[in-house]
Amino acid sequence: MSSSKQALAHPASSADAAPGDKPGAAGRANGRGTPPPGSSSWRSRLYRWDMKASPYAFISPFFIVFGAFSLIPLLYTAWYSLHNVQLANLDGQTWAGLDNYENLLSSDFFWNALWNTFTIGVISTVPQLLMAIGLAHLLNYKLRGSTVWRVVMLTPYATSVAAATLVFVLLYSWDGGMINWLLDFVGIDPVNWRESDWGSQFAVSSIVIWRWTGYNALIYLAAMQAIPVDLYESAAIDGANRWQQFIHVTIPQLRPTILFTVVVSTIGATQLFGEPLLFGGVSGSKGGSEHQYQTLGLYMYDQGWIIGNLGKASAIAWSMFLILLIVAVIQLLISRRLRKSQ
Amino acid sequence: MRTSTRRSRRLMALAAAAALTTGLLAGCAEDSDDGSSNEGGGNGGGGKTTLTIGTFGVFGYKQAGLYDEYMKLHPDINIKENVTTRTDVYWPKTLTRLQAGAGTDDIQAIEVGNVTEAVQTQADKFVDLGKEVDKSQWLDWKNAQATTKDGKLIGLGTDIGPMAICYRKDLFEKAGLETDRTKLAEQWKGDWGKYVDLGKDYMKKAPSGTKFVDSASSVYNAALGGEVERYYDKDGNVVWDKSAGVKKAWDVAMDVATSNMSAKLKQFDKPWDQGYANGTFATVACPAWMIGYIQEKSGEAGKGKWDVAAAPTAANWGGSFIGVPTASKHQKEAVELAKWLTAPEQQAKVFAKQASFPSAPSSYSSLKPAAATQAYFSDAPITEIFSASANTIPTQYLGTKDQPIGTAITDIGILQVEQKGKSPEQGWDAATNEIKDVLGQ
């Protein structure tokens, strides 16, 4: 209080006041002379504090929400996975150590689900991305009404999983479904799409492909439009045709984008849940009578919410998390290699 | 001046951010405090109490106009129904809310497949309704299912699922079979095996594109519904692999699955609904609640073609209870509403509208299905058929994991035989593995 009073009383001298002359932050701040003298010493402190703290305050909502809805559940799930917890008796949990994980590793259902997640992931991601690149390449030509085509490409993505899957269920219905009807038309025996091993996986993948191809195509298209035109011009001068331009100019330029879409699709494929669940209809969490399309997500849901074994379900959730971490590390290594090679 | 406005603007932003975050947190707190029990102001706004009732599927209370009627009788009460379509979503959600002691509705419905789990694990979360009602209103076995060992009644019986067989008279005629309901019932009386034998006759001259029955699983459920011993013995031990009832029902289902008489549909699936609409199967095991379903899915085209005959054995399939969680903020009002909704007169009203069969026998003499329903099923005396079944259903021992064990047998074991051409032994082994997983063995 007294220091600010004195500062007010001697406005002229305050500018050249020596540090030792008036101890305290106010004196020093005045010594630098930047903010106006007097009450500004408190203000400047507030100002600096504001400069430092307010960015944190601005970003805090995200982190608070992240903590409440992601981090704490994640850690809590880890804690649960080390216990024997039943859905009907949440408070009666008992310590189980790594039992749940050991149980998983020795369970055929788990390995089956892991394998299904992998195969469905491959047969949905690979054709999807290839088709997306092709479509993006076509859209990259000068087209009449190109905006219309782009919007149309994005519509499947905007459709809800539930609505899309229910329509596909009807299409794939083994008795009277449109796809079997078409097959019959060309003389192929009807396929029991839900119960056959590869048929069901193909059917589930087709829903994923249908929903995501357009989305990926638009990402590729954006990347393609960023490729400088002179690259194509010089390639054309060198005598490269359209196909050669695509292979030798477009694809190499798209490499980072391709990597990005592969990673995003891999994560999506690992978490695949809604499509197979709804495709299975009643008791869809089993993924078919032989679990032929039960993914890890479905297995977790079945264990946790249908059977009520939350401890084991938590262990599955953490296994999925670890698998995704491994995928992320592989992606990191590949992208580093790519950057070096460029 | 310029710096100061900028500063104050920054401060304002800071304050706004702070307000936003505290607002968010406060929002959370408010939510968990309040639950959903007194939306619309609780006792505040105009003195009205809002009671919520959590149900799954179609309960028929709203359809029969019961809520409106009750609100007219009690002007201070407002009723809101929260429906979850799928039982397998409804029950886990309800379990977690019961244990959290928050977020439950004032009245919660309990399906018969979950009632033992509720009785054995959640009894302290429900109000004891035994002292509130005259228990003799309900069928004894219905009360027994919702009663704990020390005599606490956690739920009041709503409908039950006495069994009959619904069949397509027109298809039976084309296949050269008997079409009269009493003579048919006589032909398969006492044994589901005789019903399957009739199916074999049907298949010899079946109208093209039709099968005798919708699925082997439905025959399994119907046959099991008449057995005293299912998956658990009376002491609560799991005995599904030794149970005589399961063995009997399984054998009948295997006979269906391996003799090409099933349309191989999965119940409550979209293609099953289509099967009704297209008339691809001639019979279906028909608990009372199926009557409303058939009318809806088979539509105008099926009118007058369907008929109902007594099932081979008296059996029960499905049915529900409603209980009042102790977490309810309006327990007294909720108990009153639950009592009223399950009283014999109200059950009779639901039957008239939805054909969900009452669990209160005193209403049976006054039961009248809607005229349209009667006409739809060729004027079959459905009231008498279902009452006769309901009065002779045995008391069954249910267990905590009845539902998942049943699903494992029907949707894994039977389905593998029916749709994938596996042998009955392979199907049984697959079901065994699945059930071991369910029971954590």
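A disulfide is counted here when two cysteine sulfur atoms lie within 2.5 Å of each other. With that rule in hand, welcome to this predicted model, which has one disulfide over all chains.

**The disulfide in chain B**

The bond runs between B:Cys166 and B:Cys286, with an S to S distance of 2.0 Å. In general terms, such a link is a covalent bond between the sulfur atoms of two cysteines. Here the pair ties together distant parts of the chain, 120 residues apart. B:Cys166 sits in strand E4 (residues 156-168) of chain B, while B:Cys286 belongs to strand E6 (residues 281-287) of chain B.

Which hand does this disulfide have? The torsion about the S-S bond of B:Cys166 and B:Cys286 is about -70 degrees, so the disulfide is left-handed.

Are the two cysteines buried or exposed? Buried means under 20% relative accessible area. B:Cys166 has a relative accessible area of 0%, so B:Cys166 is buried. B:Cys286 is also at 0% relative accessibility and therefore counts as buried.

**Two enclosed spaces**

Next, look inside the model, where there are two cavities of 30 Å³ or more. The table puts them side by side.

| Cavity | Volume | Nonpolar lining residues | Polar lining residues | Charged lining residues |
|---|---|---|---|---|
| Largest cavity | about 190 Å³ | nine | three | five |
| Second largest cavity | about 40 Å³ | two | five | three |

The largest cavity is lined by 17 residues. Where should you look to find its centre? The lining residues nearest to that point are A:Ser173, A:Trp174, A:Arg194, B:Asp269 and B:Pro271. The elements giving two or more residues to this lining are helix H8 (161-172) of chain A, along with helix H11 (270-278) and helix H17 (402-420) of chain B.

Residues of chains A and B also line the second largest cavity. From chain A come A:Gly280, A:Ser283, A:Gly284, A:Lys286, A:Gly288, A:Ser289 and A:Tyr293. From chain B come B:Lys266, B:Asp411 and B:Ile412.

**An annotated span of chain A**

Finally, turn to a stretch of chain A that has a record attached. An unreviewed UniProt entry lists residues 114-331 of chain A as "domain: ABC transmembrane type-1". In the model, this span is 76% helix and 0% strand. The C-alpha atoms at the two ends of residues 114-331 of chain A lie 20 Å apart.

Notes
Residues numbered from 1 in each chain as written. Chains lettered and ligands numbered in written order. Predicted model: local features only at pLDDT ≥ 70, side-chain atom pairs only at ≥ 80, totals over all residues. Heavy atoms only, no water. 1 Å grid on protein atoms, 1.4 Å probe; cavity = no way out; pocket = protein on both sides within 12 Å on 5 of 7 lines; lining within 4 Å. Points joined across faces, edges and corners; volume = space filled by probe spheres on them. Helix = DSSP H or I, 4+ residues; strand = E, 2+ residues; numbered from the N terminus. Nonpolar A, V, L, I, M, F, W, Y, C, P; charged D, E, K, R; others polar. Buried < 20%, exposed > 50% of the residue type's maximum accessible area, 1.4 Å probe, protein only. UniProt positions renumbered as here; feature names shortened; annotations may be inferred.
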